[in-house]
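Colleague: I would like a close look at a single part of this model, followed by an account of how the surrounding architecture is put together. Please take your time and give one connected answer.

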Amino acid sequence: VYTIIGGGAYCDGAPGVHIGLSNSNSGVGYQLYEGATAVGPTVTGTGSSIDMGLYTTVGTYTVKATNTITGCGSNMSGSTNVSIDPVPAAHAVTGGGDYCTGDAGAHIGLGSSSAGYNYQLLYGGAPVGVAISGTGSLLDFGVVATTGLYTVEAVGALTGCTATMGSVSVGVLPLPALHIVNGGGSICADGPGAAVTLLSSDVG
């Protein structure tokens, strides 16, 4: 009699979790059961630990061993459960956009958040600042000045399940070019005024 290993929780959308046996005997077939239902193929013992595959169905799993020559069988020790952890709910990334040269930058935030999850701003896959714990309301990651694409990733504080919330771009707008103003000067009271001319200008 050997011990069932593996199982546990996996993040929704992931391939599942492995279930196996701590050891096995050559010439013995090992069958996995979910409840009273046989699942997966019978795995032949190797004389060492065996992997019975990936499983996604929520339930309690056991293993029965059968000698392929004599037909004698016995149940393996213990059982394991398979469960699913939810991935973070989607929330919209806010802010970003273009800011004018000389300004501090552009704000980036999250339109809402979920308690029990941590939210990290990323630039080129690298963290920007520290992760912020979800509050059930909006989050502000502050002002960023480096131009490019920013992404927000959520991570379950207990489960480790992750999801990308979305991304925004940050850019810089140039200030208008300097141009010479001509004219002006003194005028007589009740006179027609003085002409002022901008010698050049920028298109747009």
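What is the relative accessibility of T80, and does that residue count as buried or exposed?

Modeller: The model is a predicted one, and every value below should be read with that in mind. T80 has a relative accessibility of 9%, and because the limit for buried is under 20%, T80 counts as buried. T80 is found in strand β9, which covers residues 80–85. Its side chain has a polar atom that lies 2.8 Å from the backbone oxygen of G6. If neighbours within four places in sequence are set aside, T80 is in contact with I4, G6, G7, G8, I19, G59, T60 and Y61, so that G6 appears both in this list and as the backbone partner of the T80 side chain.

One of these contacts, Y61, leads to the aromatic residues, of which the structure holds two pairs. Y61 forms a tilted pair with Y55, with 5.8 Å from centre to centre and 50 degrees between the planes. Both Y55 and Y61 are buried. The other pair is made by Y123 and Y150, whose ring centres are 4.8 Å apart and whose planes stand at 40 degrees, so this pair is tilted too. Y123 and Y150 link distant parts of the chain, since Y123 belongs to strand β13 (residues 117–123) and Y150 to strand β16, 27 residues apart. The two rings differ in exposure: Y123 is partly exposed, with a relative accessible area of 32%, whereas Y150 counts as buried at 3% relative accessibility.

The strands that carry Y123 and Y150 are themselves partners, for β13 and β16 run antiparallel and are joined by seven bridges. Within that pairing, Y117 has G156 of β16 as its bridge partner. Strand β16 also pairs with β17, again in the antiparallel sense, over eight bridges, and in this pairing V152 stands opposite G166 of β17. The two strands β16 and β17 form a hairpin with five residues between them, and G160 in the turn has a positive phi of about 80 degrees.

The loop between β16 and β17 also carries one end of a cysteine link, which is the one disulfide that a search of the whole structure finds. It joins C11 to C161, with a distance of 2.0 Å from S to S. The link connects distant parts of the chain, with C11 in strand β2 (residues 8–11), C161 in the loop between β16 (148–156) and β17 (162–173), and the two positions 150 residues apart. The angle about the S-S bond is -95 degrees, and the link of C11 and C161 is left-handed. Its two ends are unlike in accessibility: C161 is buried, with a relative accessible area of 0%, while C11, at 23% relative accessibility, counts as partly exposed. Two further cysteines may be set beside them, namely C72, which counts as exposed at 54% relative accessibility, and C100, which is partly exposed with a relative accessible area of 35%.

Another part of the strand architecture is an open sheet of three strands in the order β10-β12-β15, in which the pairing is antiparallel. Strands β10 (93–95) and β15 (139–144) stand at the edges with a single partner strand each, so one side of each is left without a neighbour in the sheet. On average, and with direction ignored, neighbouring strands of this sheet are turned by 25 degrees against each other. Strand β12 (residues 106–110) is joined to β15 by four bridges, and these two strands run antiparallel. H107 stands opposite V143, which lies in β15. As background to these pairings, strands of a sheet pair through backbone hydrogen bonds, in either a parallel or an antiparallel arrangement.

For the chain as a whole, the elements discussed belong to a protein chain that has 19 strands and zero helices. Buried residues make up 27% of its 204 residues, and T80, at 9% relative accessibility, counts as buried. Among the contacts between residues at least 6 apart in sequence, 52% join residues at least 24 apart.

Key: Residues are numbered from 1 along each chain as its sequence is written. This is a predicted model: local features need pLDDT of at least 70, side-chain atom pairs count only at pLDDT 80 or more; totals for chains, interfaces and linings use all residues. Side-chain values use heavy atoms; hydrogens and water are left out. A disulfide is a pair of cysteine sulfur atoms within 2.5 Å. Buried means under 20% relative accessible area, exposed over 50%, partly exposed in between (1.4 Å probe, protein chains only). Two strands pair if DSSP finds at least two bridges between them. Axes are lines fitted to C-alpha atoms, for helices over the stretch in contact, and angles run from 0 to 180 degrees between N-to-C directions. Rings of Phe, Tyr and Trp (its six-membered ring) pair if their centres lie within 6.5 Å; planes under 30 degrees apart count as stacked, over 60 as edge-to-face and the rest as tilted. A polar contact is a pair of N or O atoms within 3.5 Å; within protein, one must be able to donate a hydrogen and the other to accept it, and residues adjacent in sequence count only if both atoms are side-chain atoms. Contact means heavy atoms within 4.5 Å.
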